Amino acid sequence: MPVIGRGREPPVEVAPPPVTRSVRPAAPGTGTGDVSGGRPRGGTGSTGDAPKTGDILDAISARVADHGLRDRGAKEGKGARVTVEPELVPSPVDPSWAGVVIGLLGRTSASGLLTLAKEAALAAVGSRAGAVYIRQDDGRLRLATTTGYGEYIVEKYGSVDAEADLPVAEAARERRLVWRPTREYSGLGGDAARFPSPSAYASVPLMMEDRCLAVLSLQLDRAEPLSESEERTLSLIAAVAAQRLEYLLSRESRVLPAGIPRLDQAVRLVESRTRAARLELAMASADIGAFDWDFDSGRLVWDERTCRLFGVEPDAFDERIDTFYAHIHPEDQAAVHAAARTSMRTGFYSALYRIIRPDGAVRWIDAKASVVRDPEGRPQGMVGVAQDRTEEREHEERRHARREFVLTLTAAFGTALSTQDVVDTMTGTVLPALDANALAIHLIRDGDVVLAGAAGYPEEVLRRLGEPSMGRAGSPMSAALRAGTPLFYESREEFRAAFPDDSFRPAPEHHAWALLPLTTADGTVGTCILSYADARGFTADDQIVTTAIAGILAQSLARARLYDQRRQAMTELQRVMLPRSLPRLPGVEVAVRYRPGSEGLDVGGDWYDVVRLPGGKVGLMIGDVQGHSAQAAAVMGQLRTALLAYADDGHGPADLMACGNRMLCGLDTDLFATCCIVELDPATGVLRMARAGHPYPLLLEADGTVRELDCPGGLPLACQLDDEYPMVTAELAPGATLLLYTDGLVESREHSYDEGVAELMRSLSRRPAGGPDADGAGPGVRAARNGGPVRDGILRGGPAGERDRSDLDALADRIAAPAGRTAQDDIAVLLVRRTD
């Protein structure tokens with residue numbers, strides 16, 4: 001298994017000194033690098049200081065021997081000692097090259113060695129761009145380290161075929177230093193234009209005996225070839241780097257851990273360590289750690305980067321597998337164990353898990369590894385890599401949270417039909433999610449800025465938010481509209497500096513704000529102000545989310561505005577089609593309620609009527625035409641008019657119902673209607689009733705008893721032309737109340753019709769019919785007492801402007817608008833109480 005070094009590389013400064021010696025690369029098969037003297041190429045000077053060259057190169061030779069090359073060469077029968085001869089040149093040796101060579105020989109990792117060799121070579125020839133490629137087992141050349149190249153070049157030429165017409169491939173094939181103009185390399189194709197002109201490449205292989213270990217390639221921004229001094233310098237760097245690289249790649253072949261008797265395992269260790277050392281080159285700049293786990297001994301080796309990932313000092317790691325598991329988050333230990341067990345079968349290990357560092361920090365680690373097997377296929381160990389994925393994981397979690405929030409918000413706004421629904425959604429969903437404390441939504445209507453809704457502000461601030469000054473220049477709303485993008489104020493001081501006018505003075509408990517302009521493709525809708533209790537910095541995620549909210553809110557408000565306008569028009573139409581007032585009726589008290597449903601934009605088909613009949617009797621009618629549409633409203637109007645006309649002719653309830661059925665069957669419509677008609681004699685309390693598919697009447701006794709009246713009926717109107725509607729007789733005692741209603745009161749998606757009726761009867765039985773009431777009618781409730789006009793709101797009109805509230809009014813309010821309940825369908829309620 002590969003042992004990954006954990007020592008830190010000593011820094012070596014590289015400067016381009018004058019070259020004072022030449023190096024001849026080792027001849028194939030000799031294993032010997034020879035640095036020989038040469039004759040001066042010009043100039044004169046004393047050579048009295050020349051022995052320094054020999055001293056430096058002797059030091060190189062000794063350093064090589066110290067690292068085992070001399071001993072290994074002796075054992076293998078090869079002359080591994082470097083022969084040194086001083087070069088007779090007039091200039092003295094610059095001592096900085098000694099530091100470079102000593103630095104190369106002192107590298108303990110292949111990546112550090114090649115990086116230093118590259119930087120030294122760049123400095124020697126004055127180049128700004130260069131790279132080192134490693135020769136792989138399959139003959140391809142893979143990029144190990146680079147300087148001065150853009151992402152495109154690095155990605156495209158990260159792996160090079162040995163037969164390609166490219167600088168590094170040519171040097172590897174020729175096994176010698178090669179200089180050639182860039183434009184002559186056909187393998188670059190159109191990419192040649194990316195390089196300066198003129199330019200050339202100098203590439204030198206790192207040779208060990210007859211093997212090319214790597215290639216050092218330099219880009220030269222000039223047309224002139226290398227000088228002989230530059231060639232000698234590059235050859236020296238390549239020779240020393242090759243010697244050290246060979247040692248780093250093969251050092252474990254000489255020293256095996258104790259207690260491993262099997263030769264096959266020794267071979268496996270050598271091979272796997274060689275592969276891991278080469279793999280380490282590719283991980284040098286990616287902050288990817290490597291690990292080596294030997295199953296037999298339990299030894300786990302981490303490189304320095306892996307130690308850093310786990311927050312452990314390299315010298316303090318005890319190389320025990322138990323230490324690794326102790327770092328894993330308790331919730332992820334089972335998954336890591338399972339991944340390790342699976343890898344024994346599949347040969348590949350992959351796990352994403354959390355670790356807890358010694359300082360308590362939790363990090364996400366992504367680990368992948370290959371299982372190494374012996375010749376018999378038995379798992380012997382695992383070699384792999386690990387990388388910190390915390391930032392990517394947190395980024396993905398934030399992105400997922402944003403997506404879920406936006407989807408949730410979109411779904412919530414999708415069910416918000418009216419402007420008030422949108423404001424309620426913002427208050428109930430957005431404020432808690434954004435950790436905001438208050439919001440105010442202003443809409444633009446006819447050029448004015450109007451407060452549509454607000455929550456979380458004290459009364460004094462709420463009053464100022466509703467003033468017309470909020471729309472003038474210099475206001476927060478004006479600033480948001482002018483900017484066109486969300487504005488963020490992270491402190492009270494920042495907000496006050498932007499809006500110094502006292503009219504815009506914020507609430508004392510608010511210290512940060514987000515101002516959102518609300519715009520759609522059709523124009524500006526308004527603004528939204530979000531207020532926060534504490535000063536805060538708005539992150540990029542905050543800005544993304546608030547911008548998304550502004551877009552969704554603007555679309556929802558634009559849709560709600562159209563809904564409100566159409567609904568108002570439909571409500572007005574419904575109001576016109578229902579009775580505008582109720583007649584004064586002696587001996588009885590009557591209350592009616594109509595409430596539009598919360599769903600749909602079209603007018604409904606619910607109606608009611610109270611009419612005087614001959615002989616002092618009272619006619620009560622209630623019905624519901626199928627659907628919500630202009631057609632349903634039209635059919636309802638025709639049916640109501642026909643029944644009133646038939647009633648004037650003196651027809652009883654059963655005959656009235658039959659006449660209405662025939663009339664509706666004769667209309668050109670597929671709609672049907674339910675109906676209940678009651679004739680009441682106030683003097684005797686006798687009730688005569690007929691019913692056509694409508695809910696049964698409820699009788700509320702004076703003592704609070706509630707029961708359904710047994711009133712068999714026929715099919716809904718317009719279902720069968722000759723259907724009959726039996727008439728049923730009952731009695732309304734003094735103080736008792738008769739309740740007629742449409743099915744919207746008891747039917748909903750939450751429960752069935754029968755469950756709704758049972759709940760209505762229970763609620764009525766808990767409150768006596770004449771009991772007091774503390775609740776008012778909800779918005780949109782259309783109400784009237786007998787003898788008074790039908791009005792919207794809480795106060796009811798009576799004769800001569802009477803403003804008192806009767807017990808029957810209170811009961812009607814409770815029935816039509818119970819607390820906490822939203823009507824999905826239209827509701828019509830008719831109550832009549834016998835007073836004599």
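**Strands, helices and buried residues in a predicted model**

Leaving aside its neighbours within four places in sequence, Ser203 touches Pro167, Val168, Ala171, Arg176, Leu177, Val178, Val215, Leu216 and Ser217. The model behind this contact list is a predicted one. Ser203 belongs to strand β7, which covers residues 200-208. With a relative accessible area of just 1%, Ser203 counts as buried, because the cut-off for that label is under 20%. One partner from the contact list, Ser217, also makes a polar contact with Ser203: the two side chains are joined at 3.0 Å.

Next comes a sheet. Five strands make up an open sheet, lined up in the order β10-β9-β13-β12-β11, and the pairing is antiparallel. At the edges sit β10 (300-302) and β11 (348-356), each of which pairs on one side only. The strands aren't perfectly lined up, either: neighbours in this sheet are turned by 25° against each other on average, direction ignored. As for what holds such an arrangement together, strands of a sheet pair through backbone hydrogen bonds, either parallel or antiparallel.

Inside this sheet, strand β9 (residues 289-294) and strand β13 (residues 379-388) run antiparallel and are joined by 6 bridges. Within that pairing, Phe291 stands opposite Gly384 in β13. Two helices also lie across part of the sheet. Helix α11 (residues 333-346) crosses β11, β12 (362-373) and β13, and its direction is at about 165° to β11. Helix α12 (residues 390-414) lies across β11, β12 and β13 as well, running at about 120° to β12.

Strand β30 is another story worth telling. This strand takes in residues 827-834, and 8 of its 8 residues are buried. Both faces are covered: Ile827, Val829, Leu831 and Arg833 are buried on one side, while Ala828, Leu830, Val832 and Arg834 are buried on the other. Strand β30 has pairing partners too. Strand β19 (residues 588-595) runs antiparallel to β30, with 8 bridges between them, and here Val588 stands opposite Arg834. Strand β27 (residues 737-741) is also antiparallel to β30, this time through 5 bridges, and Leu738 stands opposite Val832.

Helix α19 offers a handy check with simple arithmetic. This helix has 14 residues (653-666), so at 1.5 Å a residue it should span 20 Å, and its end C-alpha atoms are indeed 20 Å apart. Helix α19 is mostly covered, with 10 of its 14 residues buried. Those buried residues are Pro653, Ala654, Leu656, Met657, Ala658, Cys659, Gly660, Asn661, Met663 and Leu664. What do they pack against? The buried residues of α19 pack against α18 (630-648), β22 (673-681) and β23 (686-692). A general point helps when reading a list like this: an α-helix has 3.6 residues a turn, so residues three or four places apart point the same way.

That leaves the cysteines. Cys659, part of the buried set in α19, has a relative accessible area of 9%, which is under the 20% cut-off, so it counts as buried. Cys212 comes out at 9% relative accessibility, and therefore this residue counts as buried too. How many disulfides does the model contain? With a disulfide taken as a pair of cysteine sulfur atoms within 2.5 Å, the count comes to 0.

Definitions and conventions: Residues numbered from 1 in each chain as written. Predicted model: local features only at pLDDT ≥ 70, side-chain atom pairs only at ≥ 80, totals over all residues. Heavy atoms only, no water. Helix = DSSP H or I, 4+ residues; strand = E, 2+ residues; numbered from the N terminus. Expected span 1.5 Å × (residues − 1). Buried < 20%, exposed > 50% of the residue type's maximum accessible area, 1.4 Å probe, protein only. Contact = heavy atoms within 4.5 Å. Pairing = 2+ DSSP bridges. Axes fitted to C-alpha atoms, helices over the stretch in contact; angles between N-to-C directions. Polar contact = N/O pair within 3.5 Å; in protein donor to acceptor, adjacent residues only side chain to side chain.
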